[in-house]
Amino acid sequence: GGPASLSRFRGALVAAVLGDCVGGEFEGAEEVPMESVLQHLSSLYDETKGNGILEYSDDTAMARCVVQSLLTRAGFDEQDMARRFAKEYSASPGRGYGSGVIQVLKKLSSPQLSDVYQPARDQFNGRGSFGNGGAMRAAPFALAFPDPVDVKRFARLGAMLTHSCSLGYNGAVLQALAVHLSLQGALDLPQQFISRLITEMEEVEGNEATRNDARILKEAEKPFCERLHRVRDLMDRSKVSIEEVISELGNGIAALHSVPTAIFCVLHCLQPRECLPENYGGLERTIAYSLALGGDTDTIACMAGAIAGAHYGIEAIPQSWIKCCEGAEDADMNAERLHMLYHQSSQGG
Ligand code: F2R
Ligand code: MG
Ligand code: MG
């Protein structure tokens, strides 16, 4: 499809759910042999195996709240979004939430709470969370707002409901920007894609809050920019091992160690790779490669899935995968509604 086509919206939202559902199998594993990944994925193609439904985790549970809030309020409403996070957690607490964010979600359910951003600010002795929980649910912001200024602003505010450290919420901004650019067809020119992300993040990270957090956490002055430069260096290499990707970019639960990694997975898998089956398309390659990195596989595959899905579109996703994953069909329907909201906004409606 062309820029911002319905197929790209459906691809983004559905592939994010698939990444979460299929990635759950390996979350936390230190080493994941590609053979195990391919075996897991091949069982999804084979409907006769009756594997049943793969359940989604916190990544999708929270993204669904973001989607419902953006659609119901026809824009960003922090009170509504916070209420939905709290309600979802209390209805279904066993979705594998981060151990810190649970405290925020409990506090957000209090009717006495006047500032919905305060519980997040109180996390980790006032330093706030740098986890990837804001980034894992950031894709819908790119599907609701056509203007990148809105995408950045609302992805940041949406993340700050749980993640007040700049290394947390700036990861959400980066993820939303990557989906935004992919939706426009920017991955047709991968070098320009990464350069545009670096330029955007130079501005996003050019402030006192980022400098302070980076100093406290002993990171580079502009941590995400520095990682994106590493992504560019790895992209330029003809061969790169999984061990090098993990050591250069990370595969962990921090936004800094997972959002640039997810972006690299998408870029690396734009072309066929020796370690992946020849009959795989780009979307399947991206998901498989994300899982083979191990670590925070559900979240890295979810974020990479959203970016790749916005590039390849819904047609690239195997139907049998959609049938196996809880919430994938809902995501498909919601993508259509977000597509309408996006195009209403772009016409100034
Ligand atoms: N939590 C998980 N997986 C763990 C295993 C779950 C298992 N399946 C089960 O059910 O038992 N996955 C999910 O969590 C990640 C998103 O986490 P989020 O929302 O960012 O949570 P949190 O608690 O804010 O941060 C995560 C951890 O990062 C460390 N951390 C964050 N900020 C910190 C700070 N300022 N100082 C020190 N540590 C900090 C803490 O260890 C937090 O617990 C996704 O992977 C999602 O899939
Ligand atoms: Mg999860
Ligand atoms: Mg995870």
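**Ligand 1, who is around it**

I began with ligand 1 and looked up its neighbours: there are 23 residues around it, and Gly100, Gly128, Ser129, His163 and Asp296 come nearest. A note to myself before going on: this is a predicted model.

Next I checked where ligand 1 sits, and the place is the largest pocket. I then asked which elements give two or more residues to the shell around ligand 1. They turn out to be helix H3 (58–73) and helix H17 (297–312).

**Ligand 1, polar contacts**

I went through some atom pairs one by one. His163 has a polar side-chain atom 2.6 Å from an oxygen atom of ligand 1, and I had already met His163 among the residues that come nearest. For Asp58, I found an N or O atom of the side chain 3.2 Å from an oxygen atom of ligand 1. With Tyr97 it is the backbone that takes part: one of its polar backbone atoms is 3.5 Å from a nitrogen atom of ligand 1. I also looked up how much of the ligand is covered. Ligand 1 taken alone exposes 930 Å², and the protein buries 70% of that.

**The magnesium ions**

Asp58 came up again when I moved to the magnesium ion (ligand 2). Which protein atoms are its donors? I noted Ser57 (OG), Asp58 (OD), Asp59 (OD) and Asp298 (OD), at 2.1 to 2.3 Å from the ion. Along the chain, the donors of ligand 2 follow the spacing S-D-D-x238-D.

I then looked at what Asp298 does besides. Asp298 bridges two magnesium ions, ligand 2 and ligand 3, and I read 3.7 Å as the distance between the two ions. Are Ser57 and Asp58 buried or exposed? Both are buried.

**Two more residues**

I picked Leu183 and placed it in helix H10, which covers residues 166–183. Why does Leu183 count as buried? Its relative accessibility is 0%, so it falls in the buried class. I also compared its position with Gln103: the two are 80 residues apart along the chain, and their C-alpha atoms are separated by 35 Å.

My last stop was Ser290, in helix H16 (residues 282–292). Ser290 counts as buried because its relative accessibility is 0%. I wanted to know what the side chain of Ser290 reaches. I found the backbone oxygen of Thr286 there, at 2.7 Å.

How values were computed
Residues numbered from 1 in each chain as written. Chains lettered and ligands numbered in written order. Heavy atoms only, no water. Donors = N, O, S within 2.8 Å, 3.2 Å for Na, K, Ca; no water. Buried < 20%, exposed > 50% of the residue type's maximum accessible area, 1.4 Å probe, protein only. Near = heavy atom within 4 Å. Polar contact = N/O pair within 3.5 Å; in protein donor to acceptor, adjacent residues only side chain to side chain. Areas by Shrake-Rupley, 256 points an atom, 1.4 Å probe, with all protein chains shown as cover. 1 Å grid on protein atoms, 1.4 Å probe; cavity = no way out; pocket = protein on both sides within 12 Å on 5 of 7 lines; lining within 4 Å. Sits in = over half its atoms within 2 Å of the grid points. Helix = DSSP H or I, 4+ residues; strand = E, 2+ residues; numbered from the N terminus.
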